[in-house]
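Visitor: I have some questions about why things get the labels they do. Please show me the structure first.

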Amino acid sequence: MSKRKLSRQQRWRIEKIQAERAARAARHDARDQDKLEAGAYGPERLGRVIAHFGRTLEVGSTTEDRTYRCHLRANLDALVTGDHVVWREGSDGSGVVVARGERDNVLERPDARGQLKPVAANIDQILIVFAVEPVAYANLIDRYLVAAEATGIPPVLVLNKIDLLPEDGGKLHELLQRYEMLGYPVVTTSTQHADGLEALHRQLTGRTSVFVGQSGVGKSSLIDRLLPDEALRIGELSSDSRKGTHTTTTARLYQLPAGGELIDSPGIREFGLVHLDERQVTEGFIEFREFLGHCRFRDCRHRSEPGCALLAAVERGAIHPERFASYRQILDSLDDDLR
Ligand SMILES: Nc1nc2c(ncn2[C@@H]2O[C@H](COP(=O)(O)OP(=O)(O)OP(=O)(O)O)[C@@H](O)[C@H]2O)c(=O)[nH]1
Ligand SMILES: [Zn+2]
């Protein structure tokens, strides 16, 4: 609803609620300040945000295998799952977060009003899961790759359900080779073999990862196998859901038994289907980069312009024609979005 359409009474109510909130936060903060000064909080410690519910955070300790419920000082901006923080433990076992570490990167998602909101931070790799069945389309993989490139977080391709591959590997082998030649790591998995996740374990160890991909490719199945303490995981989710309607969709950080972390939420899994602009799409095709800026016209849109460096590269085989077709297709879909 636009601001103009609010009645005076509605506006007054909203202002009153906001003022009450601010007053409450200030009271909290004054209390914190008193407690901090009185030494009711322990020394500063490092931690990482495991999950958050508004200004209440679950913070993982870097030195112990447990988490602490913390709140956030009023002078700090909202934190997201994966943020590194400095926090202090209170005498009652809860804590207060006093500072946020620099973010390496942040993953954003549009909220209900279409505005981008951060959902997770400090991610080392985006695992783009696709499968033998439902069959992986190059264009969809490219779309995920472009979205990943726009975040600056390195993508990894995970081909799941390789137990369903025909003997000769079919057309998928060719496709995988294309991405490997571009420099993208490719991992193949199957949740149906005892050792089907070995390569994936290696890729995940020591890093913070997120899984994204189309419905039905096996993300849940993979994550269930990676986090064998499933009962615990589901328990956590259901206890969260009792606290409110939106909490189940907030991202959560899981410790992988072999080392490394996984950040997961339904919103993160859908990543890739976000809106991108033309420049992001063009730069998201990494093999195009060396040709950009070399077209005859500075504002070349690489359609049919004479002297286009991209078209020339396709012509002499330096850019794969299917990748270029995919590029065009993604750009056309952006035009549709605008209509
Ligand atoms: N043959 C085979 N089937 C698999 C494999 N991994 C998952 N599946 C099956 O694929 C189907 C979809 O798996 P899910 O794990 O629900 O897929 P998802 O990506 O989480 O799907 P959404 O929850 O819709 O996003 C299920 O019937 C799984 O049993 C695999 O490696 N091989
Ligand atoms: Zn051009």
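**Strands and pairing**

Visitor: Which residue in β3 is the bridge partner of E58?
Guide: In β3, E58 is partnered by R69. This is a predicted model, where local features need pLDDT of at least 70 and side-chain atom pairs count only at pLDDT 80 or more, while totals for chains, interfaces and linings use all residues. Residues are numbered from 1 along each chain as its sequence is written, and chains are lettered from A and ligands numbered from 1 in the order in which they are written.

Visitor: How do you know that strands β2 and β3 pair?
Guide: DSSP must find at least two bridges between two strands before they count as a pair. Five bridges join β2 (residues 56–61) to β3 (residues 67–72), so the condition is met. These two strands run antiparallel. A strand here is a DSSP run of E with at least two residues, a helix is a run of H or I with at least four, and both are numbered from the N terminus.

Visitor: What do β1, β2, β3, β4 and β5 form?
Guide: They close into a barrel in the order β1-β2-β3-β5-β4, with mixed pairing. From one strand to the next, the twist averages 50°. Such angles run from 0 to 180 degrees between N-to-C directions, and the axes are lines fitted to C-alpha atoms, for helices over the stretch in contact.

Visitor: What makes β10 and β12 edge strands?
Guide: Six strands form an open sheet, ordered β10-β9-β8-β11-β13-β12, again with mixed pairing. β10 (186–188) and β12 (252–255) each pair on one side only, and these are the edge strands. The average twist in this sheet is 30° from one strand to the next.

Visitor: How many bridges join β8 to β9?
Guide: Six bridges join β8 (residues 125–131) to β9 (residues 155–160), so by the minimum of two they pair. The two strands run parallel, and V129 has V158 as its bridge partner in β9. Helix α2 (residues 138–151) lies across β8, β9 and β11 (208–212), at about 175° to β8.

**Buried or partly exposed**

Visitor: Why is V187 called partly exposed?
Guide: V187 is in strand β10. A residue is buried if 20 or more other C-beta atoms, placed from the backbone, lie within 10 Å of its own, exposed if 12 or fewer do, and partly exposed in between. V187 has 19 such neighbours, which falls between the two cut-offs, so it is partly exposed. Apart from neighbours within four places in sequence, V187 is in contact (C-beta atoms, placed from the backbone, within 7 Å) with V156, V158, A199, L200 and Q203.

Visitor: Which residues does UniProt list for "binding site"?
Guide: The unreviewed UniProt entry lists C295, C300, H302 and C308. UniProt positions are given in the numbering used here, feature names are shortened, and annotations may be inferred rather than shown by experiment.

Visitor: Is C308 buried or exposed?
Guide: C308 has 20 other C-beta atoms within 10 Å, which meets the cut-off, so C308 is buried. C300 has 18, so C300 is partly exposed. C300 lies in the loop between α8 (278–284) and α9 (309–315), and C308 is found in the loop between α8 and α9 too. Leaving aside neighbours within four places in sequence, C308 is in contact with C295, C300 and H302.

**Backbone angles**

Visitor: What makes N122 worth pointing out?
Guide: Most residues other than glycine have a negative phi, and most peptide bonds are trans. N122 is not a glycine, yet its phi is positive, about 60°. N122 is in the loop between β7 and β8, and with 23 other C-beta atoms within 10 Å it is buried. K161, also not a glycine, has a positive phi near 65°.

Visitor: Which peptide bond is cis, and what is its omega?
Guide: The bond joining E133 and P134 is cis, with omega about -5°. P134 lies in the loop between β8 and α2.

Methods: Two residues are in contact if their C-beta atoms, placed from the backbone, lie within 7 Å.
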